[in-house]
Amino acid sequence: SKPAELREKSSEQLEFSIREAQEELFRLRFQSATEKLDRPSKLRELRREIARIKTILRQRQAVAN
């Protein structure tokens, strides 16, 4: 999802999104070890999504402190 969409979510929703993305990333990595992935680019997308969410959460923490 887009950074603007992510910023509209609550921190709790973002934490949940990170967990979901990390689980999907784990599944895809496991799948890529055993078979060919349909979309290898999905791994990069998930890593970027996780990084985006972490960045937003860090920014919120910095503002809060």
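**Exercise 1. Decide whether P3 is buried, partly exposed or exposed, and place P3 in the fold.**

Step 1. P3 has a relative accessible area of 34% and is therefore partly exposed, where buried means under 20% relative accessible area, exposed means over 50%, and partly exposed lies in between, with a 1.4 Å probe and protein chains only. The model is a predicted one, in which local features need pLDDT of at least 70 and side-chain atom pairs count only at pLDDT 80 or more, while totals for chains, interfaces and linings use all residues. Residues are numbered from 1 along each chain as its sequence is written, and side-chain values use heavy atoms, with hydrogens and water left out.

Step 2. P3 belongs to helix α1, which covers residues 3-8; helices are DSSP runs of H or I with at least four residues, strands are runs of E with at least two, and both are numbered from the N terminus.

Step 3. When neighbours within four places in sequence are left aside, P3 is in contact with R52 and I56, contact being heavy atoms within 4.5 Å. Although P3 and R52 are 49 residues apart in sequence, their C-alpha atoms are 7.0 Å apart in space.

**Exercise 2. Describe the overall make-up and dimensions of the chain.**

Step 1. The chain holds three helices and zero strands, and its elements, read from the N terminus on, follow the order α-α-α.

Step 2. Along the principal axes, the C-alpha atoms fill a box of roughly 45 × 15 × 15 Å. The radius of gyration of the chain is 14 Å, whereas a compact globule of 65 residues would have one near 11 Å; this radius is taken over C-alpha atoms, and the globule rule is 2.2 Å times the number of residues to the power 0.38.

Step 3. Of the 65 residues, 23% count as buried. Among contacts between residues at least 6 apart in sequence, 65% join residues at least 24 apart.

**Exercise 3. Find which residues make up the largest nonpolar core, and which helices supply them.**

Step 1. A nonpolar core is a set of buried Ala, Val, Leu, Ile, Met, Phe, Trp, Tyr and Cys residues joined through side-chain atoms within 4.5 Å. The largest one has seven residues in all, namely A21, L25, L28, L37, L43, L46 and I50.

Step 2. Helices α2 and α3 (41-64) each supply at least two residues of this core. A second, separate core has six residues, including L6, L14, I18 and L57.

Step 3. I50, a member of the largest core, is in contact with A21, Q22 and L25 once neighbours within four places in sequence are set aside.

**Exercise 4. Work out how Q22, S17 and R29 are placed in helix α2, and what each of them touches.**

Step 1. Q22 lies in helix α2, which spans residues 11-34, and with a relative accessible area of 35% Q22 is partly exposed. Beyond its neighbours within four places in sequence, Q22 is in contact with I50 and K54. Q22 and E49, 27 residues apart in sequence, have a C-alpha to C-alpha distance of 9.7 Å.

Step 2. S17 also has its place in helix α2, but S17 counts as buried because its relative accessibility is 11%. With neighbours within four places in sequence left aside, S17 is in contact with K9 and I53.

Step 3. R29 is likewise in helix α2, and at 45% relative accessibility R29 counts as partly exposed. Not counting residues up to four places away in sequence, R29 touches L43 and R47. The C-alpha atoms of R29 and I53 are separated by 20 Å, and these two residues are 24 residues apart along the chain.
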